Amino acid sequence: MQPFDAELWKNPTAEYRGAPFWSWNTKITKDKLLRQLDCLAEMGMGGAHMHPRTGLDTPYLSEEFFDLVRACVDHCKDKGMLACLYDEDRWPSGAAGGLVSKASPEFRVQHLLITPYPYGKDPNPPVRLGMSKAVAERSEDGTLIARYDVSVRSDGTASYKRLENGDRPSGTGREWFCYAEYQPPCTWWNGGTYVDTLSKEALASFITMTHERYYQHFAKEFGNVVPSIFTDEPQFAKKEYLSVSHAIRDIFLPWTHDLPQTFKARYGTDLLDHLPELVWDMSDEPSLARYQYHDHVCDRFVEAFMDQLSDWCRSHGIALTGHLMQEPRLMTQTESLGEAMRGYRNLDVPGIDMLCDAREYNTAKQATSVARQNGVKGVMSEEYGVTNWTFDFKGHKASGDWQAALGVTFRVHHLTPVSMLGESKRDYPAAIGYQSPWYKEYKYIEDHFSRLNVALTRGKPVARVAVIHPVESFWLTYGPADRNGREQVWRDKAFKDLTDWFLLGLIDFDFVSESLFPEQTSLDDLTSNTLPVGHARYDVVVLANLRTIRSTTVARLQKFAAKGGKVIVTGGMPTLLDVRPAQIDLAATLVPFTQFDLITALEPYRDVRITRNGTDVKSLMYQLRRDGDERFLFVCDVARDDPIDTTVSVRGTYDVIVLDTLAGTEWKVDSSAQDGWTSFDWTFWSCGHVLVRLVPRRPSQAKGHHVRVQPAYEMGFNQLSQVTLERVSLSEPNVLLLDQASWKLGDDAQWQPETEVLRIDNLVRARLGLPLKDISLSQPWTRTPAEREPISTLHLRFAFESAVDLDDGSLAVERLESTTVRLDGREISSTRTGWFVDEDISVMRLGAISSGKHVLELDMPFGLLANVERVYLLGDFAVRLYGDVAIIDRLDLSLLRFGDYTRQGLPFYAGNVTYHCTFDVPLAQHIVLQTYQFAGPAVTATVDGRDKHNLSLPPHVADVGHVEAGRHTVDFTLYGNRENAFGALHMPKGETDYWGPNAWRGDQNYWQDEYDVKPMGITIRPVVRGEGMRKYVVTVRRRHDTH
């Protein structure tokens, strides 16, 4: 990596910018793709991941498909963008959209069924789940591999005997049957199944069908315009455990046909002789076979899937990135992966998945640790998924900032849809693309992160603390919950607590995987009191709450300690060596497992300290990097709370250059040096940050940087006036949402009662014998011409009322070309005049609408691929909303004021609102503008028609600079989202934070007829402030000071 380049930092190139998941979810056309790439470039993106997803109607991996990829690759090459590949049709990776299992049935995913019910005797026949995960289901398509006589004692422990042919169980035990089964076919995999991810042969077939095909078409572009290929959520059949030891039910575990053979070759024992130990506890002592099973299945998965893909990618000059399944907790990674860190070992860019604005610090730390130890400059994050339309710029920045502090340098935004047609609009919104009315302003956010990435890929990270990862001790607890559940919960909480204590205590660290440690660190490498782990170096190692530890780990720590290295044991010394009872001989400092004791013990290894009034601040995270004699320090707020005034101190003596990532400017901040530490004052606003370049303190080094302090907009500027609102303008027509209709099918004489449109879709499908429309249906590209044919006509009747005469109105509707439209019995020409929100939602003119009640009728062909969706009346009108009743009224924009505009006639409005204002300045002076409160994704202010400022982030201030005395204009634009037109408006507030497709479905228990319209608008009038102390000093809220 090249040294710091100020010009590159100001204007980062594509490799430092995000490349969102670009959802190919419809019948793809070249022109649409190229237009959308231009939009992504306008948003500040560096490229896109071409991601086949639900709705794809272009045959996957066909020549037509590759022609479209070629068009994108060529366009990206011309624009200096990156065309990133994705290796699957939907997810998880490995199945090639079901093609692998269809071509070779022996490569179907397998599981072990452990059951008290032999085939044909199950009293509860399974319900097919059709999930997008490798969740095992009883298929009765397998082979009986063993039987056992199992007796469970009153304390939950068990004894067992393997039954040979002809053996019968004892009178005190119960017979349990073990079947090696294939997963049943599923629509998610287009009638195939997931792949056997423990089989090298199966994954070789996947590579042949997918990766080799891409290479045939784009070999010349591999490693340049096509830099990487994304693998998504690989996993094995999810492990299960009994809730109580005496339970009589099916249990599933991952399996492959030759697992017993490779297990015996690895451990020297017959796995089938010990299978019950995977399910039941035999005593209070741990089961070696249980530990070995988890270890071996993890090895088989990593070798077959991750290593094989990595080897192929490296040999073909393309980087492998992606993320695994269920990484965050010890429990979840045990169930789906065995161990997350082992899976990252050969990824060129290890990755994570951060959904629902979660703060999974362990997820990030695991991936970052392997990246650092492998010498990789950072990790990838698939971020912002399932956050909904309401997620704002502050959320985008806050979520991205803490991930950047933990090492994320490659942002993959979830999600940019090619189309919002049908079910696609509910595919985990929001749409991070042209469909969102704020898309042209997103470069403000993306520039911030791309500048961060330039700085945070210089040099090497400074992390002096290593923590031995505890997942292998957790494996021992993976048994019945009545005996192990309490310990499982405690271990997961301790795992999270330790990471929170260290990170928020500003002690950066890396995890060390015991499975990777021997290859990363040979005994011959241990020659000093610094521990080398691959490319990383540590001064202290922490063992936290380990029950078992590998002998290979102990040998390295013993030599490290003998060379003067520091080892800290907290939560007690491990009592097992390789899962066998042992007295561990390790020179270590024993520390109680408390935040205070651990942070105190690690104080000598601290590099960054941040205080308020002398007390440690515990709501910030940082990353420190060493680049020769220089350092780069990034600190961010994670509390998203009130502002906090701090003193930031860093070990060493430096001049401190602030790199303002939002403005693209740099300046020297006033700092002091004492006792080998450099300190400067900084106020962190909610989701605030600071990035500084630390240059060795020499007088000549500071040339060109004016020394100053952080602007004090609160105390340093006094209010001059409020702005005067002159008028308001809208960027789009207003909207009347119509989602309730009566309906009939074909030649029915009687109309069915009015209900919500997605419920109508379900009712019609049930009547016609069609599968319900959800995200897991087989892809349109797999459907035959006969399956595509409509089988009936659906008639919809929407009723609405207008209190005024309207000169003109329009209708937004999907599939307009095949829809007949009538208003009050009069057929209207279905001529497309434009589109609304998405190019696939057509607009047609309705003409004049008189006052009174009206009926809008739509006739549409209905078949397997049909969609029943909301329609929208568009025009220059207001809407009065009364719970679940909406009435059109006259729109008088002169009456709109600051405040919630959904209560001012715009409840379903989905565009931007601009408040055209003026303000007077009595004397020429430096001024700032501030919006105290607003509801919406983003706000900008354009002063005197030329200077545009973004006020989306706290403290929501536009530093206008020097202005002349007199009257000035300012246009405040509140950028909207699509929530109040396209959101899950019938979901009761607070019931979910998981905005997947089912949140919109009325057949769930979570439903209200009333519309849950979200507030929108600049809710308090902005103010103008000039330099000077405030006349009346009011105590300003600050984050809690523990003193």
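**Aromatic contacts and backbone features of the predicted chain**

Arg90 lies over the face of Trp188, with 4.3 Å to the ring centre. In a second case, the charged end of Lys365 is placed over the ring of Phe509, 5.2 Å from its centre. A charge is taken to sit over a ring if NZ of Lys or CZ of Arg is within 6 Å of the ring centre and within 35 degrees of the ring normal. The model is a predicted one, in which local features need pLDDT of at least 70 and side-chain atom pairs count only at pLDDT 80 or more, while totals for chains, interfaces and linings use all residues. Residues are numbered from 1 along each chain as its sequence is written, and side-chain values use heavy atoms, with hydrogens and water left out.

Turning to the overall fold, the chain contains 21 helices and 60 strands. Both kinds of element are DSSP runs numbered from the N terminus (helices: H or I, at least four residues; strands: E, at least two). The radius of gyration of the chain is 31 Å, in agreement with the value near 31 Å that a compact globule of 1043 residues would have. That radius is taken over C-alpha atoms, and the globule rule is 2.2 Å times the number of residues to the power 0.38. Along the principal axes, the C-alpha atoms fill a box of roughly 85 × 85 × 60 Å. Of the 1043 residues, 63% are buried; here buried means under 20% relative accessible area, exposed over 50%, and partly exposed in between, with a 1.4 Å probe and protein chains only. The chain exposes about 38,200 Å², of which carbon and sulfur atoms supply 49%. These areas come from the Shrake-Rupley method with a 1.4 Å probe, and for residues only the protein chains shown count as cover. Contacts (heavy atoms within 4.5 Å) often span long stretches of sequence: among those between residues at least 6 apart, 80% join residues at least 24 apart.

Next come the aromatic rings. A pair of aromatic rings is described by the distance of the centres and the angle of the planes. Rings of Phe, Tyr and Trp (its six-membered ring) pair if their centres lie within 6.5 Å, and planes under 30 degrees apart count as stacked, over 60 as edge-to-face and the rest as tilted. By this rule there are 46 aromatic pairs. Tyr119 and Tyr179 form a stacked pair, because their ring centres are 3.9 Å apart and their planes stand at 5°. Tyr119 belongs to the loop between strand S4 (110-115) and strand S5 (142-152) and Tyr179 to strand S7 (residues 174-182), so this pair ties together parts 60 residues apart in sequence. The two partners differ in burial: Tyr119 is partly exposed, at a relative accessible area of 23%, whereas Tyr179 is buried, at 6%.

The pair of Tyr361 and Trp402 is edge-to-face, at 5.0 Å centre to centre and 80° between the planes. Tyr361 is in helix H11 (residues 361-374) and Trp402 in helix H12 (residues 393-405), and the pair thus links distant parts of the chain, 41 residues apart. Both residues, Tyr361 and Trp402, are buried. Elsewhere, one aromatic cluster brings together Trp22, Trp24, Tyr60, Phe65, Phe66, Tyr214, Phe218 and Trp781.

Arg249 offers a view of a loop and its surroundings. This residue lies between strand S8 (228-232) and strand S9 (251-255) and, at 30% relative accessibility, counts as partly exposed. Leaving aside residues up to four places away in sequence, Arg249 touches Ile114, Pro116, Trp176, Glu240, Tyr241 and Leu242. With Glu240 the side chain of Arg249 makes a polar contact of 2.7 Å. Such a contact is a pair of N or O atoms within 3.5 Å; within protein, one must be able to donate a hydrogen and the other to accept it, and residues adjacent in sequence count only if both atoms are side-chain atoms. The C-alpha atoms of Arg249 and Thr115 are separated by 6.3 Å, although their positions lie 134 residues apart along the chain.Finally, the backbone has some notable points. Most residues other than glycine have a negative phi, and most peptide bonds are trans. A cis peptide bond, with omega about -5°, joins Trp91 and Pro92, and Pro92 is in the loop between strand S3 (82-86) and helix H4 (99-103). The bond from Pro429 to Ala430 is also cis, with omega near 20°. Val386, with a positive phi near 65°, is buried at a relative accessible area of 2%. Asn388 has a positive phi of about 80° and is buried at 3%; its place is in the loop between S12 and H12.
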